[in-house]
Amino acid sequence: MFHLLDIIGTIAFAMSGALTAISKKLDPFGVFIIAFVTAVGGGTLRDVMIGRTPVGWMQDLEYVYVIALAFVLSILFRRKFDKLRTSLFLFDTIGLGVFTLIGLEKGINIGLHPIICIALGTMTACFGGVIRDILCNEIPVIFRKEIYATICILGGIVFFMLKKLHLNEDILYLSTSAVIISIRLMAVKYKWYLPVLDRN
């Protein structure tokens, strides 16, 4: 289940990056690069911080193949998406839920404190999108008023609360990712925002 979620998250973020790049009218090489860094950016930062090198995608070509597949699908079926923004949002949301779990699990596996595990999960989920937005000349979603990183933190808290109930791991993973995805969808639907700070 954990590996399956990892692949799903990689595909989701790669397609999110590819669709963003397509909307910016980049050439195919540019689209592939944005798809790639969106998919592996957060995980690369996480692995470097915990001393896991070479980083994950360098040791397993499956990730490269999966990203290439997501890139090709995004190019071929870009006109099939009824609303580009909706498709981008859905892929980004799925990736957010899945990659938060992956970061949490990596931290747990090396015995880090739950708070640090939650930080790792948040970085894994968010920083690929940060790199994507910077390269596409946008203010990263994580730094705007939209609830984004906060959802990852809440998901991490839910994860450790459920973990104390000694649930089956598959149920634990699915429940946590469902919570993150659901909160993200509701936040957008009901316009839940953090207050914006200004000089006044």
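This passage describes how helix 2 packs in a predicted model, the pocket to which helix 2 contributes, and two backbone features in loops. Residues are numbered from 1 along each chain as its sequence is written. The model is predicted, so that local features need pLDDT of at least 70 and side-chain atom pairs count only at pLDDT 80 or more, while totals for chains, interfaces and linings use all residues, and side-chain values use heavy atoms, with hydrogens and water left out.

Helix 2 (residues 28-49) packs against helix 6 (residues 114-135) at an angle of about 140°, with the axes 7 Å apart; helices here are DSSP runs of H or I of at least four residues, numbered from the N terminus, and axes are lines fitted to C-alpha atoms over the stretch in contact, with angles from 0 to 180 degrees between N-to-C directions. Helix 2 and helix 6 are therefore oblique to each other, given that angles under 35 degrees count as roughly parallel, over 145 as roughly antiparallel, 65 to 115 as roughly perpendicular and the rest as oblique. Contacts (heavy atoms within 4.5 Å) join residues of helix 2, including Ile34, Gly41, Gly42, Gly43 and Arg46, to residues of helix 6, including Leu120, Phe127, Gly128 and Arg132. By class, this contact of helix 2 with helix 6 has nine nonpolar, six polar and two charged residues, where Ala, Val, Leu, Ile, Met, Phe, Trp, Tyr, Cys and Pro count as nonpolar, Asp, Glu, Lys and Arg as charged, and the others, Gly among them, as polar.

The axes of helix 2 and helix 4 (residues 61-76) come within 10 Å and cross at roughly 130°, and these two helices are therefore also oblique to each other. Pro28, Val31, Phe32, Ala35, Phe36, Ala39 and Val40 of helix 2 meet Val64, Ile67, Ala68, Phe71 and Ile75 of helix 4, and the contact comprises twelve nonpolar, no polar and no charged residues.

Helix 2 also gives the most to the lining of the second largest pocket, with six residues. A pocket is an open set of points on a 1 Å grid over the protein atoms alone, where a 1.4 Å probe fits, with protein on both sides within 12 Å along at least five of seven lines, and lining residues have an atom within 4 Å of a point. Of the 16 lining residues, Asp6, Arg46, Gly56, Trp57 and Tyr63 lie nearest the centre of this pocket.

In the loop between helix 2 and helix 3 lies Pro54, which is joined to Thr53 by a cis peptide bond with omega of about -10°. Lys25, in the loop between helix 1 and helix 2, has a positive phi near 60°.
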